[in-house]
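Let's take a friendly walk through a protein structure together. Have a look at the model below, and then read on.

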Amino acid sequence: MKKAHIFVIAIIAVAIGIIMSTAGDASVYVSFKEAKERAADGNLTKVHVVGRLPRDGSQNIMGLEYNPMVDPNYFAFTLVDTNRIAQRVVYFNPKPQDFDKSEQVVITGAMRNDTFVADKILLKCPSKYVEKDIEGATASLN
């Protein structure tokens, strides 16, 4: 075999190895119902769940539990998924900055008993632009 053939085969082998290693880390978007079913079946792979934080009439988030003086690495909250199922979520890290301002939350983790244990929390914060500000900043076509 020529050196060029060996080089191409080596590159293909490395590419296959990279694809296989990243495919094992891939997780799917599910609801809390599906996450519970997966856990009941013994499937403890990580999943993504998208949801919103329940708020009271004053727009305060309900069900937050975080006391950094007692345990700075314990943060618990309630999340309502897209199917309107509320679930208790525990995150064993400090509370993310601007968590209170977020509109939507994406959590990655798995169900453990009756609690969703999150490894990562991604926040979708409200837009910094207001509709009236955008209208005033755009050019007129007249």
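## A small enclosed space

α2 (32–40) and β6 (104–112) each supply at least two residues to the lining of the largest cavity. Of the elements, α2 gives the most to that lining, with three residues. This is a predicted model, so please read every value here as computed from it.

Which residues line the largest cavity? They are A35, R38, A39, N43, L44, T45, V47, A110 and M111. Sorted by class, this lining has six nonpolar, two polar and one charged residues. The volume of the largest cavity is about 40 Å³, and the structure holds one cavity of 30 Å³ or more. How can such a space be found? Rolling a probe the size of a water molecule over the atoms shows where empty space is left.

## The overall build

Now let's step back to the whole chain. The protein has three helices and seven strands. Starting at the N terminus, the elements come in the order α-β-α-β-β-β-β-β-β-α.

How much of the protein counts as buried? The answer is 25% of its 142 residues. On the outside, the protein exposes about 10,200 Å², and 57% of this area is supplied by carbon and sulfur atoms. The contacts also tell us about the path of the chain: among those between residues at least 6 apart in sequence, 50% join residues at least 24 apart.

## The nonpolar core

In soluble globular proteins, nonpolar side chains tend to be buried together. In this model, the largest nonpolar core has 19 residues, and the members that touch the most other members are F77, L79, V89, F99, I107, F116 and I121. Several elements build this core: α2, β2 (47–52), β4 (75–81), β5 (86–91), β6 and β7 (115–124) each supply at least two of its residues.

L79 is a good residue to click on. Leaving out residues up to four places away in sequence, L79 touches F32, G51, R52, L53, I85, A86, Q87, V89, V105 and I107. Two of these names, V89 and I107, also appear among the core members with the most contacts to other members.

## Where distant parts of the chain meet

Which loop holds P72? This proline is found in the loop between β3 (65–66) and β4. P72 has a relative accessible area of 37%, so it is partly exposed. Along the sequence P72 and P94 are 22 residues apart, yet their C-alpha atoms are 5.5 Å apart in space. Beyond its neighbours within four places in sequence, P72 is in contact with Y66, N67, N93 and P94.

N93, one of those partners of P72, lies in the loop between β5 and β6. N93 counts as partly exposed because its relative accessibility is 32%. Its C-alpha atom is separated by 4.1 Å from that of N73, a residue 20 places away along the chain. Setting aside neighbours within four places in sequence, N93 is in contact with P72, N73, Y74, F75 and D119.

V117 gives another example, this time from strand β7. The C-alpha atoms of V117 and Y91 are separated by 6.1 Å, although these residues are 26 apart along the chain. Not counting residues up to four places away in sequence, V117 touches V90, F92, T108, G109, A110 and R112. You may recognise A110 from the lining of the largest cavity.

## Two positive phi angles

Let's finish with the backbone. Q59 is not a glycine, and its phi has a positive value, near 65°. Where does Q59 lie? Its place is the loop between β2 and β3. Is this residue buried or exposed? The cut-off for exposed is over 50%, and Q59 is exposed because its relative accessible area is 53%.

D98 also has a positive phi, of about 65°, although it is not a glycine. This residue lies in the loop between β5 and β6, the loop that is also given for N93. With a relative accessibility of 35%, D98 counts as partly exposed.

Notes:
Residues are numbered from 1 along each chain as its sequence is written. This is a predicted model: local features need pLDDT of at least 70, side-chain atom pairs count only at pLDDT 80 or more; totals for chains, interfaces and linings use all residues. Side-chain values use heavy atoms; hydrogens and water are left out. On a 1 Å grid over the protein atoms alone, a cavity is a set of points where a 1.4 Å probe fits but cannot get out, and a pocket is an open set with protein on both sides within 12 Å along at least five of seven lines; lining residues have an atom within 4 Å of a point. Grid points are joined across faces, edges and corners, and a volume is the space filled by probe spheres set on the points. Helices (H or I, at least four residues) and strands (E, at least two) are DSSP runs, numbered from the N terminus. Ala, Val, Leu, Ile, Met, Phe, Trp, Tyr, Cys and Pro count as nonpolar, Asp, Glu, Lys and Arg as charged, and the others, Gly among them, as polar. Buried means under 20% relative accessible area, exposed over 50%, partly exposed in between (1.4 Å probe, protein chains only). Contact means heavy atoms within 4.5 Å. Accessible areas come from the Shrake-Rupley method with a 1.4 Å probe; for residues, only the protein chains shown count as cover. A nonpolar core is a set of buried Ala, Val, Leu, Ile, Met, Phe, Trp, Tyr and Cys residues joined through side-chain atoms within 4.5 Å.
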